[in-house]
Amino acid sequence: MHTIKNITCIGAGYVGGPTMSVIAQKNPDIKVTVVDLNKTRIDAWNSDDLSLLPIYEPGLDSVVKEARNRNLFFSTDVDKAIDEADMIFISVNTPTKTYGKGKGQAADLKYIELCARQIARVAKNDKIVVEKSTLPVRTADAIKSILNNTGNGVNFHILSNPEFLAEGTAMADLENPDRVLIGGENEDAIQALVNVYAKWVPKAKIITTNLWSSELSKLVANAFLAQRVSSINSISELCEVTGANVDEVANAIGMDSRIGSKFLKASVGFGGSCFQKDILNLVYIARSYNLNEVADYWQQVISMNDHQKQRFSSNIIKTLYNTVNGKNIVFYGWAFKKDTNDTRESAAIYVADHLLDEEANIIVYDPKVSAEQVYSDLDYLGTRGPEENRRFVTVVNNPVAASKGAHAIAVLTEWDEFKSLDWKSIYANMFKPAFIFDGRNVLDKNSIVEIGFSYKSIGK
Ligand SMILES: NC(=O)c1ccc[n+]([C@@H]2O[C@H](COP(=O)([O-])OP(=O)(O)OC[C@H]3O[C@@H](n4cnc5c(N)ncnc54)[C@H](O)[C@@H]3O)[C@@H](O)[C@H]2O)c1
């Protein structure tokens, strides 16, 4: 049986960094090296000042502090790390394709293929290759084909080990996962990876399946989670016109043990790098097998989410007397959810885009997101030029000062600190009527209304 001494992880992002930190923490006898092409990112992982780690995730700094330079290393020397490893995790990004066949739906597997080719080129002894990235079902076939046609006599075993952590709670999710999923064909290889996790995860929670079930399960898990958000968001609109209250409805249905209470929080819509991309990918796969009803069914989860974001910004415009031209709208929050600095696919980006179309001025405050990131998210949309984005959007680091001369406040991320801001001073700073649009239903309506605000939330 394989005993693993050296693990390499290609990709030092939101998954590779935290996952490998915990694997290294729990397996002090295994040397874990995380590599990335992005030197700035690796330098940040190696920074002495732990507040400069490239990823904000509560609890990550202390685990990095414990394991780094003991048995956890961050490097840009990909070839060397591949050569040394018995087990290689591929944890690179798999974004939605922006060109060619499958544009806007299929996962772009170019980074995965590059990794496979690099492993094939460098490897001199047998290796277990673990798919950690989220991949379309049957990707392992392609990886196998690249690895097994090198002609250098090296044996590769491919495993699928999708990651179920959620950003913002990644460390707790890794420490105490609901389950660890390992798909594979070779029993020894599967066992070798089981042993790594068994250092801290109870055996009963480590499940093994065939490769294809494992690959598909990750896409399906995200699709089901996103579907719950879109389902409750669809009901939020119905609540608003009928006088029902979406929180009350969510509570009432969530207490049914067959439904369950989690992920029934109505909001401006889901974001993040995974939900939309993975559902689009599922839709694309279904379509490619001519399963059009299956594809349409899941596509609707995305359409509902787009509608919810659009509905939120339209409501701001309508409430501000049908024009936001030249008005100052303050965004509290830019990250796609609290406790992360990740902004990929954040609802805030799309709400801002819509309001900028109407020539509003936007002032952004987020405790963990830099001005550079806000501008780069807007520039990436390509709706307007970088100069215009910088002219109409200001990023500030004081939430109360941000409200000076504001016509409205929109809460886009559920950061805890927003609940206890100095709302009286904020009110005093603003034009009247002073509007709040709470896209996360986080503020206490009674105290906010008592101060004098006109308060609008989702689904009430
Ligand atoms: N972010 C999440 O919450 C989450 C959760 C579960 C699964 N996933 C999946 O995990 C994968 C990684 O996601 P992420 O959020 O960590 O992405 P990320 O963009 O944060 O990190 C990926 C890293 O891989 C690096 N990279 C790309 N190609 C490389 C190469 N050839 N050699 C070396 N480095 C390379 C990039 O520079 C980048 O730093 C994706 O497939 C994603 O779907 C993400």
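**Reading helix pairs and a ligand site**

Author: Welcome! Helix 5 and helix 6 are roughly parallel to each other, because their angle is under 35 degrees. This is a predicted model, where local features need pLDDT of at least 70, side-chain atom pairs count only at pLDDT 80 or more, and totals for chains, interfaces and linings use all residues. Residues are numbered from 1 along each chain as its sequence is written, and side-chain values use heavy atoms, leaving out hydrogens and water.

Reader: At what angle do helix 5 and helix 6 pack?

Author: Axes are lines fitted to C-alpha atoms over the stretch in contact, and angles run from 0 to 180 degrees between N-to-C directions. Helix 5 (residues 110-122) and helix 6 (residues 139-148) pack at about 30°, their axes 9 Å apart.

Reader: Which residues make the contact?

Author: Contact means heavy atoms within 4.5 Å. From helix 5 come Ile 112, Glu 113, Ala 116, Arg 117, Ile 119 and Ala 120, and from helix 6 Thr 139, Ile 143, Ile 146 and Leu 147.

Reader: How are helix 12 and helix 13 arranged?

Author: Helix 12 (residues 292-319) and helix 13 (residues 347-357) pack at about 40°, with axes 9 Å apart. They are therefore oblique to each other, the class for angles that are not under 35, over 145 or from 65 to 115 degrees.

Reader: Which ligand atom pairs with the side chain of Glu 167?

Author: A polar contact is a pair of N or O atoms within 3.5 Å. Here a nitrogen atom of the ligand is 2.6 Å from an N or O atom in the Glu 167 side chain. On the backbone, a polar atom of Val 15 is 2.8 Å from a ligand oxygen atom.

Key:
Helices (H or I, at least four residues) and strands (E, at least two) are DSSP runs, numbered from the N terminus. A polar contact is a pair of N or O atoms within 3.5 Å; within protein, one must be able to donate a hydrogen and the other to accept it, and residues adjacent in sequence count only if both atoms are side-chain atoms.
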